[in-house]
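Got a few minutes to walk through a fold? Here's the model, followed by some questions and answers about how its pieces fit together.

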Amino acid sequence: MHGRNRRLKRCRAERNVPRSCWPAIPLTGAGASHIEKIMTRIPVTILTGFLGSGKTTLLNRALRDPQLKGSVVIVNEFGEIGLDHELIEASSDSVVLLRNGCLCCSVRGDLVETLVDLHRKRLKGEISAFDHVVIETSGLAEPTPVTEVLVAAPGVNSCFSLAGIVATVDAVNGLVTLDAHEQSVKQVALADRIVMTKSDLLTRPDELRERLGRLNPACEVLDARDVDAGALMRFPAGDRQEPAWRSVAASHGERQVGGSGPHGEAHGHDARIRRFAIVRDEPWDLDTLTLLLEALATNAGPALLRVKGLIHMKDSPERPAVIHGAQELVHSLSWLDRWPSEDRRTRIVFITMDQGAEEIGELVEDIERLSQRTRAARSRGGRQVEFSPDGENR
Ligand SMILES: Nc1nc2c(ncn2[C@@H]2O[C@H](COP(=O)(O)OP(=O)(O)OP(=O)(O)O)[C@@H](O)[C@H]2O)c(=O)[nH]1
């Protein structure tokens with residue numbers, strides 16, 4: 001098309017036709033849409049919120065809305081076994097998982113690469129022409145470094161623009177989390193929209209509302225039950241005040257984007273936080289799962305920051321059971337309609353304060369042994385063995 005324009009200019013100049021008389025050449029068809037693709041910066045929404053605060057639940061609601069039909073999701077989980085991409089209800093080619101680190105520290109470079117790569121593939125037509133990106137951060141991430149990538153990273157800020165930040169806050173655990181985890185305060189303080197989740201489980205979350213209001217006075221606190229999740233993730237240009245993140249991102253603009261964060265490697269600021277996974281090839285029976293849920297309920301509290309798992313059940317091989325817990329809450333068991341990928345192993349991810357993989361691993365092994373013995377006793381017609389959380393089976 002450039003060649004055609006040049007040729008046209010030359011021949012009209014030769015004939016001395018005034019410039020104003022040149023016919024406008026309409027940009028139509030593939031050429032026009034290609035130029036539009038190059039010129040348009042794609043809006044990005046950051047979805048943040050502490051561990052288990054309901055980010056994926058809200059995102060899944062939003063993804064069912066046609067407003068997010070053209071959205072790509074980038075999800076970050078901190079650890080080798082990631083489950084979030086399996087729990088997001090979108091086709092696998094519109095979800096990208098960034099694992100093995102946290103977006104605000106070690107995988108910031110991966111985020112830059114992922115965004116640049118997505119944009120390149122979009123231009124080449126190798127993937128569908130998405131018009132929006134949602135980045136779901138890990139619950140432990142501070143949003144500022146991600147914001148900086150979008151505002152300041154060369155190659156990213158020319159193709160993408162940060163549209164806004166949505167933060168989820170869990171009504172039940174929110175106050176304790178804000179007291180104990182600085183990331184949670186930053187997530188709220190930088191948000192354009194704060195969504196309080198789980199207020200269905202707590203009748204008067206007034207104290208939390210007030211606290212959120214003090215942390216981010218410009219931002220209305222919305223109730224997850226009332227929001228239009230699709231519209232929530234989209235930020236029409238120019239419909240709000242100057243966002244809090246803009247000045248923060250600008251003041252950090254000089255910082256080199258792409259390497260490790262300033263606060264040390266792999267969450268040095270939270271040296272007490274441990275993350276590990278339990279993986280099993282053998283399906284579980286209902287006794288084992290029930291005992292695990294009982295043990296989780298017994299151990300619920302601030303030390304059990306997060307547990308989530310897909311469980312392969314003997315009685316239900318075609319669809320996994322899903323378990324979720326976060327601090328004080330162990331949520332009711334739910335089920336997926338089908339396995340989201342080829343991987344049908346039981347995978348349970350734990351994020352704890354101080355409690356190590358060995359301790360929890362032993363607890364799960366105890367549970368598995370006990371349920372085996374119960375099964376054997378039952379088949380012999382004997383009495384059921386009782387589980388005690390101190391490890392002594394009676
Ligand atoms: N009752 C109730 N449960 C909720 C609500 N929102 C989320 N949950 C439950 O909370 C649990 C955790 O929700 P997720 O959406 O996985 O939380 P998350 O923030 O994505 O979790 P991580 O990214 O793993 O930290 C799940 O069992 C959800 O069903 C809510 O508004 N009410």
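**Strands, helices and a sheet**

Q: How many bridges pair strand β1 (residues 42-49) with β5, and in which sense?
A: Keep in mind that this is a predicted model. Across the β1–β5 pairing, T48 has A167 of β5 as its bridge partner. The two strands pair in the parallel sense, and the count of bridges is 8.

Q: Which residue in β6 is the bridge partner of A167?
A: On this side, β5 runs parallel to strand β6 (residues 193-197), with 5 bridges joining them. One of the facing pairs puts V169 opposite M196 in β6. For A167, the bridge partner in β6 is I194.

Q: What is the strand order of the open sheet of 7 strands?
A: The pairing in this sheet is parallel. β3 (95-98) and β7 (221-223) each have a single partner strand, so they stand at the edges with one side lacking a neighbour in the sheet. From one strand to the next, the twist averages 25°. Reading across, the order is β3-β2-β4-β1-β5-β6-β7.

Q: Is strand β5 (residues 160-170) mostly covered or mostly open, and how many of its residues are buried?
A: Check its surroundings: in the sheet order, β5 sits between β1 and β6. Helix α5 also lies across β5, along with β2 (71-76) and β3. The strand is mostly covered, and the buried count is 10 of its 11 residues.

Q: At what angle do the axes of helix α5 (residues 108-124) and helix α6 (residues 143-152) cross?
A: A packed helix pair is described by the distance between the axes and the angle between them. Here the axes come within 10 Å, and α5 passes α6 in a right-handed crossing. The crossing angle is roughly 35°.

Q: How do the residues of the contact of α5 with α6 divide into nonpolar, polar and charged?
A: From α5 come R108, L111 and V112, and they meet P145, V146 and V149 of α6. Arg counts as charged, while Leu, Val and Pro count as nonpolar. That gives 5 nonpolar, no polar and 1 charged.

Q: Which residues does UniProt list for "domain: CobW C-terminal", and how far apart are the end C-alpha atoms of that span?
A: The UniProt entry is unreviewed, and it lists residues 273-368 for this domain. That span is 27% helix and 43% strand. Its end C-alpha atoms lie 26 Å apart.

Technical notes: Residues numbered from 1 in each chain as written. Predicted model: local features only at pLDDT ≥ 70, side-chain atom pairs only at ≥ 80, totals over all residues. Axes fitted to C-alpha atoms, helices over the stretch in contact; angles between N-to-C directions. Helix = DSSP H or I, 4+ residues; strand = E, 2+ residues; numbered from the N terminus. Left-handed = near helix turned anticlockwise from the far one by under 90°. Contact = placed C-beta atoms within 7 Å. Buried ≥ 20, exposed ≤ 12 C-beta atoms within 10 Å, placed from the backbone. Pairing = 2+ DSSP bridges. UniProt positions renumbered as here; feature names shortened; annotations may be inferred.
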